[in-house]
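Work through the exercises below with the sequence and the structure open beside you, and try each task before you read its solution.

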Amino acid sequence: MEALKGATRREVFARGVAALREAGIDTPALDAAVLLGYVTSQPPEAVLMDRGASVTASEAALYSALVRKRCERTAVSRLVGVREFYSRTFRVTDDVLDPRPETEVLVEHALRCLKGLRKPPAVLDVGTGSGAIAVTVAAEIPSARVTATDISMAALAVARNNAARQGVEERIRFVQADLLEPFRFGGRFDVILSNPPYVSWAQFENLPQEVRGGDPGTALVSGPEGLEFYAPLAAASRNLLVPGGSLMVEVGDGQDAAVAAILKGAGFRDVRVVKDLAGRGRVVAGSSEDA
Ligand SMILES: C[S@@+](CC[C@H](N)C(=O)[O-])C[C@H]1O[C@@H](n2cnc3c(N)ncnc32)[C@H](O)[C@@H]1O
């Protein structure tokens, strides 16, 4: 993009949209609004409200640089360092997966179940990443005591920061763990939640550059079929749930039947698939034995 100094926000926005469209970006107007909002410290929906407002030289330079990086397929969330999840803003870095809208289906299902419990619930989020699930549950259910694990210390630092930003860090215990290994000898949970890595090796090769080059591989990939986490998670979860407690996991497209079979094979009852708005099986849930 040519020099933009002194141009109005509207002109700057239009040039960004044109550059992004030419580069084949699917959502050029949305991305340009988010980037312009970021450099001018405005919400994206407000950037064009003041028709005559101009941009400063430093805003113009930063905006041009960000649009260029976006044209090269860096994800918008990586450029601005935040991502919305369940109407809250989460900090994201190269160490964590960008929380996805699909995961809101898992959170919705968990919240429905947790709100029906009579006592303050104990919840475990396995592979917390940015903390999107754990922080949202803690924020939505003020009585909940949440444990959040991840194999990555760097991810746990991001999650802890997000918990502090949402004022729920007192109610979340962060534990570095390889799946459920540290919990072999204790701890009982009403609900165990996880959005584990579930991308197969073949799928990983075909992911868009934004995802392949942005999200950490350890957050995405899970063996030849994308299913490697579910059996160990299900097996270990059974001993950690209170009687009648629930395991709920997010699954990738077309994995719901295979994961439901894994949960049944591990001894879970009432195994069910929760669909997203597009009708795809997105969450598989099962209950431990009756109270
Ligand atoms: C798909 S990401 C989910 C992140 C976050 N819960 C979300 O929904 O946005 C999976 C997470 O699992 C973590 N992970 C990968 N292998 C793990 C393991 N063996 N034990 C615990 N966590 C693991 C990754 O570091 C990553 O943060």
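A polar contact is a pair of N or O atoms within 3.5 Å; within protein, one atom must be able to donate a hydrogen and the other to accept it, and residues adjacent in sequence count only if both atoms are side-chain atoms. The model is predicted, with local features needing pLDDT of at least 70 and side-chain atom pairs counting only at pLDDT 80 or more, while totals for chains, interfaces and linings use all residues. Residues are numbered from 1 along each chain as its sequence is written, and side-chain values use heavy atoms, with hydrogens and water left out.

**Exercise 1.** Find the polar contacts of the ligand and state how much of its area the protein covers.

*Solution.* Begin with asparagine 195, where a polar side-chain atom lies 2.8 Å from an oxygen atom of the ligand. Turn next to aspartate 178, whose side chain has an N or O atom 2.8 Å from a nitrogen atom of the ligand. Then look at threonine 128, which places a backbone N or O atom 3.3 Å from a ligand nitrogen atom. Finally, of the 590 Å² of accessible area that the ligand has on its own, 95% is covered by the protein (Shrake-Rupley method, 1.4 Å probe).

**Exercise 2.** Describe the aromatic pairing in the structure.

*Solution.* Rings of Phe, Tyr and Trp (its six-membered ring) pair if their centres lie within 6.5 Å, and planes under 30 degrees apart count as stacked, over 60 as edge-to-face and the rest as tilted. The structure holds one aromatic pair. Phenylalanine 85 and phenylalanine 90 form this pair, with 6.1 Å from centre to centre and 80° between the planes, which is edge-to-face. Both phenylalanine 85 and phenylalanine 90 are buried (under 20% relative accessible area, with exposed over 50% and partly exposed in between; 1.4 Å probe, protein chains only).

**Exercise 3.** Locate the two domains.

*Solution.* Domain 1 spans 9-72 and domain 2 spans 82-287, with bounds from an automatic or database domain assignment. Their C-alpha centres lie 34 Å apart.
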